[in-house]
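Student: Please go through one contact in this structure closely, and set out what surrounds it. Give the cut-off behind each term as you use it.

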Amino acid sequence: MPTDLSAETSRDTPRDTLGALEAGLDALQTDARDRDPWPRRLGRSVLPPVLAVVILLAIWQVVYALHIKPDYVIPGPAQAWDTASRLWDDGSLQRAVWTSLSRGVIGFVASVIIGTPLGIVVARVRWVRVAFGPIISGLQVLPSVAWVPAAIIWFGLSDATVYFVVLMGATPSIINGIVGGVDQVPPLLRRAGLVLGAGPVQLVRHVILPAALPGYVAGLKQGWAFSWRSLMAAEIIAVGGSLGFGLGSLLSQGRDLADMTVVFVAIVAILLVGILIEMAFFAPVEKRLLRRRGLLQS
Amino acid sequence: MTTTDATTEPAEAAPGAVPADGPAPAVRVSDVTKRFSSSGPAVLDGVSIDIRPGEFVCLLGASGCGKSTLLGIVAGLDRPTSGTVEVGGAPAKAGRASLMFQESALFPWLTARRNIELALKLNGVGRATRAERATELLDLVRLSSAGDKLVHELSGGMRQRVALARALAQDSPVLLMDEPFAALDAITRDLLHDELERIWRETGRTIVFITHNVREAVRLGQRVLLMSSRPGRIVREWPVVVTGERRIEAPEVAALAAEITTHLREEIRRHAH
């Protein structure tokens with residue numbers, strides 16, 4: 001640390017001893033910890049999950065090799081892989097992933113657009129909160145599959161059914177995320193904003209919303225998980241009509257054909273898409289947000 | 001939790017008030033009483049204080065004497081149950097006086113510089129001059145090289161200096177400070193006393209400084225007001241006259257601090273039964 005100290009004082013060229021003292025103290029009290037080089041960080045974060053997948057595959061192979069159940073009930077990894085490459089080659093796997101993913105993303109974005117302003121109103125307007133708060137929390141608990149029959153009666157076997165179910169799955173989580181985030185804004189920060197002369201709108205814009213952002217992102221993450229799940233449920237139940245062929249439909253087809261490998265492939269694909277969205281989008285956003293606020297050790 | 005009858009307290013020559021022929025006060029607290037519920041005990045009871053423009057007043061009292069409640073009322077964050085508060089001749093309102101808290105209360109999603117710029121923005125300073133003003137303020141608290149640091153990357157002392165710069169950005173003549181150095185280590189606190197005194201002299205602000213540290217009050221204030229607890233009242237005041245450089249270890253500071261401590265302890269003892 002002594003080298004840092006001298007660097008700090010000489011850079012500031014303090015005019016008097018008080019300045020020098022203070023610069024010295026500042027240098028001593030702020031620790032400049034370097035982050036590990038990225039290959040090491042990558043090794044630490046990527047290697048364990050990969051290992052876990054390898055272990056799971058090994059267990060699967062062992063169970064298959066023991067022939068506890070006939071092949072058509074528990075097929076092995078190699079057979080599932082064959083089916084996956086067949087579905088990939090004829091393009092139906094990509095089409096199913098694309099159909100589901102685009103539905104999921106469109107439905108999720110619509111939920112965000114609807115849920116965000118609603119969340120702010122519920123969080124900020126007292127009587128709305130008292131009146132609708134419990135209902136919204138209740139909706140969050142209700143599995144959105146429960147909306148599928150109603151949606152089919154209202155919208156028939158069309159994309160509207162799927163979107164409706166996704167919307168009902170994701171929106172309550174997003175609203176609750178904002179409300180939770182706003183509730184957790186430290187009162188001290190509100191007071192600081194008020195003292196600085198912020199009016200009601202400025203307080204929301206410059207203090208409450210930024211302070212509630214981590215809660216909002218957590219709500220979005222949960223909202224995505226719920227919309228992806230409800231989408232799959234809707235696709236499994238509602239097949240045919242003008243509906244496109246998604247991953248849920250692939251799953252349902254596998255069941256109809258009693259082809260366990262198709263079912264496996266569909267399940268793994270659903271899981272992979274969920275993990276990829278989490279890893280590629282939500283995890284980095286959340287990490288950045290928390291690290292910036294000093295809420296996460298690097 | 002007995003409410004001791006404090007009516008026996010002999011009335012000093014109206015502690016807190018300034019002579020009638022002085023200049024118009026920067027802060028005038030008139031007969032302020034505060035109860036948190038209509039039937040509850042008075043937290044503040046008939047508090048009156050006049051503070052001259054440019055004066056540095058320290059408000060001293062044991063924990064729970066209502067010092068922070070009083071400051072919140074002067075800052076316009078809370079309303080008194082009865083009585084009035086004027087800041088710069090107008091009724092107290094949030095945003096009229098700046099306020100520093102024990103914790104820095106900086107916005108953790110912004111850098112030091114952005115925190116100051118937000119204060120300038122809320123104070124109606126135009127975009128063009130904001131960056132320049134923020135640089136000046138960072139210079140004033142000697143943090144010109146730390147402007148782009150995030151709040152969690154700053155030490156406690158640095159955060160309080162940024163908070164001070166942010167409070168000064170408000171450009172209010174009155175600066176209220178609620179135990180701003182209480183959570184800092186002794187070395188940093190000593191330095192910040194010197195810093196605050198320098199900045200007070202450079203900016204000519206009126207400062208109301210709350211503390212439960214007697215020496216700190218004598219070190220910094222031109223006037224020290226002692227508050228009683230339950231109900232909170234101003235019971236005594238001391239002018240601080242120090243010749244030469246005032247330091248926390250100066251014998252004059254120590255002597256006055258000892259006298260004030262005696263009175264403070266007397267106040268606290270009254271609650272023993």
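**The contact between the chains and its surroundings**

Tutor: A:Arg103 and A:Glu235 join their side chains in a salt bridge, with 2.7 Å from N to O. Because A:Arg103 sits in helix α5 (residues 92-124) of chain A and A:Glu235 in helix α10 (residues 200-237) of chain A, the pair ties together parts that are 132 residues apart in sequence. A salt bridge here is a side-chain nitrogen of Lys or Arg within 4 Å of a carboxyl oxygen of Asp or Glu, and over all chains that rule gives 26 salt bridges. Helices (H or I, at least four residues) and strands (E, at least two) are DSSP runs numbered from the N terminus.

The model is predicted: local features need pLDDT of at least 70 and side-chain atom pairs count only at pLDDT 80 or more, while totals for chains, interfaces and linings use all residues. Residues are numbered from 1 along each chain as its sequence is written, chains are lettered from A and ligands numbered from 1 in the order in which they are written, and side-chain values use heavy atoms, with hydrogens and water left out.

Chain A first, as background. The domain assignment, which is automatic or from a database, splits chain A into domain 1 (1-30), domain 2 (36-68) and domain 3 (76-292). Between the C-alpha centres of domain 1 of chain A and domain 3 of chain A there are 51 Å. An unreviewed UniProt entry lists "transmembrane region" for residues 46-66, 105-123, 135-156, 162-182, 231-251 and 263-283 of chain A; such annotations may be inferred rather than shown by experiment. Two of these stretches can be checked against the model. Residues 162-182 of chain A are 100% helix and 0% strand, with end C-alpha atoms 31 Å apart. Residues 263-283 of chain A are likewise 100% helix and 0% strand, and there the end C-alpha atoms are 28 Å apart.

Now the contact itself. With contact taken as heavy atoms within 4.5 Å, chain B contributes 42 residues and chain A 32 residues. The two chains bury about 3100 Å² between them, 63% of it from carbon and sulfur atoms. On the side of chain B, B:Trp109, B:Leu122 and B:Arg142 lose the most area to chain A, together 25% of what that side buries. Buried area is the accessible area (1.4 Å probe) that two parts lose on being put together, summed over both.

Four salt bridges cross between chain B and chain A. One salt bridge pairs B:Arg161 with A:Glu22, whose closest N and O atoms are 3.6 Å apart. Seven residue pairs across this interface are in polar contact, both residues at pLDDT 80 or more. Four elements of chain B each supply at least two residues to the side that touches chain A: β6 (98-100), α2 (112-122), α4 (156-169) and α5 (186-203). α5(B) gives the most, with six residues. By class, that side of chain B holds 23 nonpolar, nine polar and 10 charged residues. A polar contact is a pair of N or O atoms within 3.5 Å; within protein, one must be able to donate a hydrogen and the other to accept it, and residues adjacent in sequence count only if both atoms are side-chain atoms. For the classes, Ala, Val, Leu, Ile, Met, Phe, Trp, Tyr, Cys and Pro are nonpolar, Asp, Glu, Lys and Arg are charged, and the others, Gly among them, are polar.

α5(B) also figures inside chain B. The assignment gives chain B domain 1 (27-96 + 173-272) and domain 2 (108-171), with C-alpha centres 25 Å apart. Between these domains of chain B, B:Glu195 and B:Arg142 form a salt bridge at 2.7 Å, N to O. Four residue pairs are in polar contact between domain 1 and domain 2 of chain B. On the side of domain 1 of chain B that touches domain 2, β7 (174-178) and α5 of chain B give two or more residues. The largest share, eight residues, comes from α5(B).
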